[in-house]
Amino acid sequence: IYIERQISIKFEDSKTGQDQMKAAMQKLRADPFNEIEGKLVIKVDDYLTSKSLDLATGVNQDITLPVSDVLVYWLKNGTKIMVRPSGTEPKVKVYVGVILEDYETIPQGEAAAEKNANEILEAMKELLTNVNT
């Protein structure tokens with residue numbers, strides 16, 4: 001089962017809000033997390049630096065796509081988390097794509113995937129909003 005969800009995390013509509021948004025993105029880059037909601041992060045793609053870091057080996061590879069203020073986290077279970085700030089307003093969008101392979105029934109699997117996606121989005125919201133500028 002594959003489920004995609006997203007959340008917009010709004011900051012104050014002011015210079016302070018813009019600064020908080022920038023600080024949140026800087027914190028994610030300076031202090032990357034290696035697990036979220038008990039799931040291991042195996043790779044981080046940073047489109048601003050055009051680098052992809054394999055967390056297990058420490059090997060950096062080049063990304064040959066346009067430069068953009070986007071971070072993508074790849075989890076061991078196949079889940080993908082993408083974080084990008086708005087270019088026009090003080091908000092950050094977080095997208096999550098959850099892959100669930102182990103389930104008994106489709107409704108049970110859909111509910112589990114939905115729960116997992118919501119837990120990840122809430123954890124990302126917590127990470128992004130608890131930054132001191």
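1. Let us start with Glu37, which sits in the loop between strand 2 and strand 3. Please keep in mind from here on that this is a predicted model. Glu37 has a positive phi of about 50 degrees although it is not a glycine. That is worth a pause, since most residues other than glycine have a negative phi. Is Glu37 buried, partly exposed or exposed? Its relative accessibility is 39%, so Glu37 counts as partly exposed, the class that lies between under 20% (buried) and over 50% (exposed).

2. Ser50 makes a good companion to Glu37. Ser50 lies in the loop between strand 3 and strand 4, and this residue, not a glycine either, has a positive phi of about 60 degrees. Its surroundings can be read from its accessibility: at 16%, Ser50 counts as buried, because the cut-off for that word is under 20%. The loop belongs to a hairpin, in which strand 3 and strand 4 have four residues between them.

3. Now follow the chain through the strands around that turn. Strand 3 and strand 4 are antiparallel and share four bridges; one example is Val44, whose bridge partner in strand 4 is Leu53. Strand 4 also runs antiparallel to strand 5 (residues 60–62), with three bridges joining the two. Here you can look for Lys51, which has Asp62 as its bridge partner in strand 5. Strand 4 and strand 5 form a hairpin as well, with five residues between the strands, and in it Gly58 takes a positive phi near 80 degrees.

4. Ser52 is a nice residue to click on next. Its place is in strand 4 (residues 51–54), and its relative accessible area of 9% makes it buried. What does the side chain of Ser52 join through a polar contact? The partner is the side chain of Asp45, at 2.5 Å. Leaving out residues up to four places away in sequence, Ser52 touches Lys43, Val44, Asp45, Val59, Asn60, Gln61 and Ile63.

5. Helix 1 (15–30) offers a small calculation you can repeat yourself. At 1.5 Å a residue, its 16 residues should span 22 Å, and the end C-alpha atoms are 22 Å apart, so the two values agree. The expected span is 1.5 Å times one less than the number of residues. At the N-terminal end, Ser14 acts as a cap: one of its side-chain oxygens is 3.3 Å from the backbone nitrogen of Thr16.

6. Which residues of helix 1 are buried? They are Gly17, Met21, Ala23, Ala24, Met25 and Leu28. When you look at their spacing, it helps to know that an α-helix has 3.6 residues a turn, so residues three or four places apart point the same way. The buried residues of helix 1 are covered by elements that include strand 6, strand 7, strand 8 and helix 2.

7. The largest nonpolar core has 31 residues, and those that touch the most other members are Leu28, Tyr73, Ile81, Val83, Val94 and Met124. At least two core residues come from each of strand 1, helix 1, strand 3 (39–46), strand 6, strand 7 (80–85), strand 8 (91–99) and helix 2 (106–129). Helix 2 supplies the largest share, seven residues. As background, nonpolar side chains tend to be buried together in soluble globular proteins.

8. Val94 gives a closer view of this core. Setting aside neighbours within four places in sequence, its contacts are Arg5, Gln6, Ile7, Ile9, Ile81, Met82, Val83, Leu121, Met124 and Leu128.

9. Tyr73 brings us to the one aromatic pair in the structure. Why does the pair of Phe33 and Tyr73 count as stacked? The ring centres are 4.3 Å apart and the planes meet at 25 degrees, so the pair is stacked; the cut-off for that class is under 30 degrees. The pair links distant parts of the chain, 40 residues apart: Phe33 is in the loop between helix 1 and strand 2 (35–36), while Tyr73 is in strand 6 (residues 71–75). Both Phe33 and Tyr73 are buried.

10. Finally, have a look at Ile3 in strand 1 (residues 2–10). Ile3 has a relative accessible area of 9%, so it is buried. Beyond residues up to four places away in sequence, Ile3 touches Val96, Gly97, Val98, Glu110, Ala113, Glu114 and Ala117. The C-alpha atoms of Ile3 and Leu100 are separated by 8.5 Å, although the two residues are 97 apart along the chain.

Note on methods:
Residues are numbered from 1 along each chain as its sequence is written. This is a predicted model: local features need pLDDT of at least 70, side-chain atom pairs count only at pLDDT 80 or more; totals for chains, interfaces and linings use all residues. Side-chain values use heavy atoms; hydrogens and water are left out. Rings of Phe, Tyr and Trp (its six-membered ring) pair if their centres lie within 6.5 Å; planes under 30 degrees apart count as stacked, over 60 as edge-to-face and the rest as tilted. Buried means under 20% relative accessible area, exposed over 50%, partly exposed in between (1.4 Å probe, protein chains only). Contact means heavy atoms within 4.5 Å. A nonpolar core is a set of buried Ala, Val, Leu, Ile, Met, Phe, Trp, Tyr and Cys residues joined through side-chain atoms within 4.5 Å. A polar contact is a pair of N or O atoms within 3.5 Å; within protein, one must be able to donate a hydrogen and the other to accept it, and residues adjacent in sequence count only if both atoms are side-chain atoms. Two strands pair if DSSP finds at least two bridges between them.
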